[in-house]
Amino acid sequence: MTVTAAKDKWILKKRLKRFFNPERKTRQGLCEFLDALSDKVDVYIYGGVIRDIALYGVDCFKSDIDIVFTGDESALESVWTNYDAERNNFGGHRLTVDHWQVDIWPAESTWAFKEGYQEFESIESMLDTTITNWDAILYHWKDEKIICKDDYFKDLSSYYLDVVLDKNPNMLGMCTRVMRYCGGKAAAKEVSPRVAHLLKQALENYSKQTLLEYVERSFDDRYLESAYERLAEVKTLRQDDLFPKEMGIQHTRAMFQ
């Protein structure tokens, strides 16, 4: 059965409740962990897990789970100890709950805030720190509340891809993620000028081998290879277009001028 992208909060919330179902053995420990964490701080599931469930459905997500929180970090010292948590690269902690790998960090310590690219005013400020508009979504665990921009579901269901923050401590990783979105099973059908510019940079700055080696280390798929071949071919054949006409080239014209 083909799963289409979620068109509204109601559909996505149903999917999230199915995924985070404590009656499923593979989710029970994770849900108990999130409940216990929520007794100490405000917990928000962030980014990838929500994005993938929104795009592909409940059964496709098998990656890491990212969590941010607001509240007293010192209240979580026992959590770090009980789960043998290790420091990650983002000022937070990485731990394993059952077989799920979890990265958790204070929202205010997110890289974009620490580096001064964005100002933290509230948890909604997190929506301005993501790589793409598809990633810009949060789920408040205790209140079961989805937090996103007004046009999030319109963009997602039409497969319109934009870059939210064009600064990143790992530009190679940023480029490969955006390029994968152009060749995956829910490939972008329209892109913004910022995406077009980023992809142009990726083709100019990184070899195919460099991009593929990074993907092999970081992701369990081959979506980037098909995206690279298509983008490289179009760049060679039509210097004013990045995508074929059916993929919304009106958003990418003149990028190679």
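Phe113 comes out as buried in this predicted model, with a relative accessibility of 10%. Its ring pairs edge-to-face with that of Phe120, at 5.2 Å centre to centre and with 80° between the planes. Phe120 sits a bit further out: at 21% relative accessibility, this residue counts as partly exposed, because the cut-off for buried is under 20%.

That couple is not alone, as the whole structure holds nine aromatic pairs. Another edge-to-face case joins Phe20 and Trp141, whose ring centres lie 5.4 Å apart with 80° between the planes. Here the partners come from distant parts of the chain, 121 residues apart: Phe20 belongs to the loop between H1 and H2, and Trp141 to the loop between E6 and E7. Phe20 is buried at 6% relative accessible area, and Trp141 is buried too, at 11%. Ring pairs also tie Phe20 and Trp141 into a cluster with Phe19 and Trp100.

Stepping back to the whole fold, the protein has 10 helices and nine strands. Of its 257 residues, 50% count as buried. Among contacts with a separation of 6 or more, 64% are between residues 24 or more positions apart. The accessible surface comes to about 13100 Å², and carbon and sulfur atoms account for 44% of that.

Seven of the strands make up an open sheet with mixed pairing, in the order E3-E4-E5-E2-E1-E6-E7. Its edges are E3 (86–87) and E7 (145–148), each of which pairs on one side only. Helix H1 packs on this sheet, where it touches E5, E6 (137–140) and E7, and its direction makes about 125° with that of E7. Helix H3 (residues 48–56) lies across E1, E2 and E6, at about 50° to E1.

Starting from the E3 edge, E3 and E4 pair in the antiparallel sense over two bridges, with Arg87 standing opposite His93 in E4. The two strands form a hairpin with five residues between them, and Gly91 in the turn has a positive phi of about 80°. E4 itself shows two faces: His93, Leu95 and Val97 are on the covered one, while Arg94 and Thr96 are on the uncovered one.

On to the next neighbour, E4 is joined to E5 by five bridges, and the two run antiparallel. Leu95 has Val102 in E5 as its bridge partner. This hairpin has two residues between the strands, and Asp98 takes a positive phi near 55°. E5 is in turn joined to E2 by five bridges, but E2 and E5 run parallel; Ile67 has Ile104 in E5 as its bridge partner.

Helix H2 deserves a look of its own. Its 14 residues (25–38) reach 21 Å from the first C-alpha to the last, close to the 20 Å expected. The buried residues of H2 are Arg27, Gly29, Leu30, Cys31, Phe33, Leu34, Leu37 and Ser38. Their cover includes two helices, H1 (9–19) and H4 (77–82), along with strands E1 (42–46), E2 (65–70), E4 (93–97) and E5 (100–106).

Conventions:
Residues are numbered from 1 along each chain as its sequence is written. This is a predicted model: local features need pLDDT of at least 70, side-chain atom pairs count only at pLDDT 80 or more; totals for chains, interfaces and linings use all residues. Side-chain values use heavy atoms; hydrogens and water are left out. Helices (H or I, at least four residues) and strands (E, at least two) are DSSP runs, numbered from the N terminus. The expected span of a helix is 1.5 Å times one less than its number of residues. Buried means under 20% relative accessible area, exposed over 50%, partly exposed in between (1.4 Å probe, protein chains only). Contact means heavy atoms within 4.5 Å. Two strands pair if DSSP finds at least two bridges between them. Axes are lines fitted to C-alpha atoms, for helices over the stretch in contact, and angles run from 0 to 180 degrees between N-to-C directions. Accessible areas come from the Shrake-Rupley method with a 1.4 Å probe; for residues, only the protein chains shown count as cover. Rings of Phe, Tyr and Trp (its six-membered ring) pair if their centres lie within 6.5 Å; planes under 30 degrees apart count as stacked, over 60 as edge-to-face and the rest as tilted.
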